[in-house]
Amino acid sequence: MRLVDNLKAKVSEFAQQHEGKVDRGLEKAAKVIDERTKGKYSDKIHTGTDKAKDAMERIAHRETGPAGGDGTPPDAPPPTAS
């Protein structure tokens, strides 16, 4: 289990260091895809981009374990209506 915890910590650290770059990359990719599909899927592209950004933010701000903070988990995202 130590390996998994170590990997989670490294992913979180990477996400913290490069969060802005990833967000810009997601925006750029979304723009290119939207242009190539001539706006046909704009709402789906926007939704997917927002979900990816939210996931990135949760990963970037995840506590690395009991030694990594006060041990409280990050806020859970609000439930989505289906």
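## One salt bridge

A salt bridge here is a side-chain nitrogen of Lys or Arg within 4 Å of a carboxyl oxygen of Asp or Glu. With that in hand, what does this predicted model have to offer? The structure holds one salt bridge. Its partners are the side chains of Glu27 and Lys53, which meet at 2.3 Å, N to O. The pair ties together distant parts of the chain, since Glu27 belongs to helix 1 and Lys53 to helix 2, 26 residues apart.

Are these two partners buried or exposed? Neither label quite fits: Glu27 is partly exposed, at a relative accessible area of 39%, and Lys53 is partly exposed too, at 22%. For Lys53, the cut-off matters, because buried means under 20% relative accessible area. As a general point, side chains of opposite charge can pair when their charged atoms come close.

## The overall picture

Stepping back, the chain has two helices and zero strands. Buried residues are 10% of its 82 residues. The accessible surface comes to about 6,800 Å², and carbon and sulfur atoms account for 57% of that.

Now for the contacts. If you take those in the chain with a separation of 6 or more, 61% of them are between residues 24 or more positions apart.

## Helix 1 and its bend

Helix 1 covers residues 2-36. A straight helix of 35 residues would span 51 Å at 1.5 Å a residue, yet helix 1 spans only 44 Å between its end C-alpha atoms. Look along helix 1 and you'll find a bend of about 70 degrees at His18.

Which residues of helix 1 are buried? They are Ser12, Ala15, Glu19 and Ala30. These buried residues of helix 1 pack against helix 2, which runs over 42-60. Lys31 also sits in helix 1, but Lys31 is exposed, with a relative accessible area of 54%. From Lys31 to Ser42 is eleven residues in sequence and 9.1 Å in space, C-alpha to C-alpha.

## Thr49 in helix 2

Over in helix 2, Thr49 is worth a look. Why does Thr49 count as buried? Its relative accessibility is 10%, and the cut-off for buried is under 20%, so Thr49 qualifies.

What does Thr49 touch, leaving out residues up to four places away in sequence? The answer is Leu26, Glu27 and Ala30. Two of these names have come up already: Glu27 is the salt-bridge partner of Lys53, and Ala30 is one of the buried residues of helix 1.

## Lys38 in the loop

Between helix 1 and helix 2 there is a loop, and Lys38 is found in it. Lys38 follows helix 1. Although Lys38 is not a glycine, its phi is positive, at about 55 degrees.

Is Lys38 buried or exposed? Lys38 counts as exposed because its relative accessibility is 77%, and exposed means over 50%.

## How far to trust the coordinates

Across the chain, pLDDT averages 80, and 76% of the residues score at least 70. Residues 64-72 are another matter: over this stretch the pLDDT is below 50, and beyond near neighbours in sequence the stretch has four contacts in the model. Where pLDDT is low, the predicted coordinates should not be read in detail.

Conventions: Residues are numbered from 1 along each chain as its sequence is written. Side-chain values use heavy atoms; hydrogens and water are left out. Helices (H or I, at least four residues) and strands (E, at least two) are DSSP runs, numbered from the N terminus. Buried means under 20% relative accessible area, exposed over 50%, partly exposed in between (1.4 Å probe, protein chains only). Contact means heavy atoms within 4.5 Å. Accessible areas come from the Shrake-Rupley method with a 1.4 Å probe; for residues, only the protein chains shown count as cover. The expected span of a helix is 1.5 Å times one less than its number of residues. The bend at a residue is the angle between axes fitted to the seven residues ending there and the seven starting there. pLDDT is the predictor's confidence in each residue, from 0 to 100.
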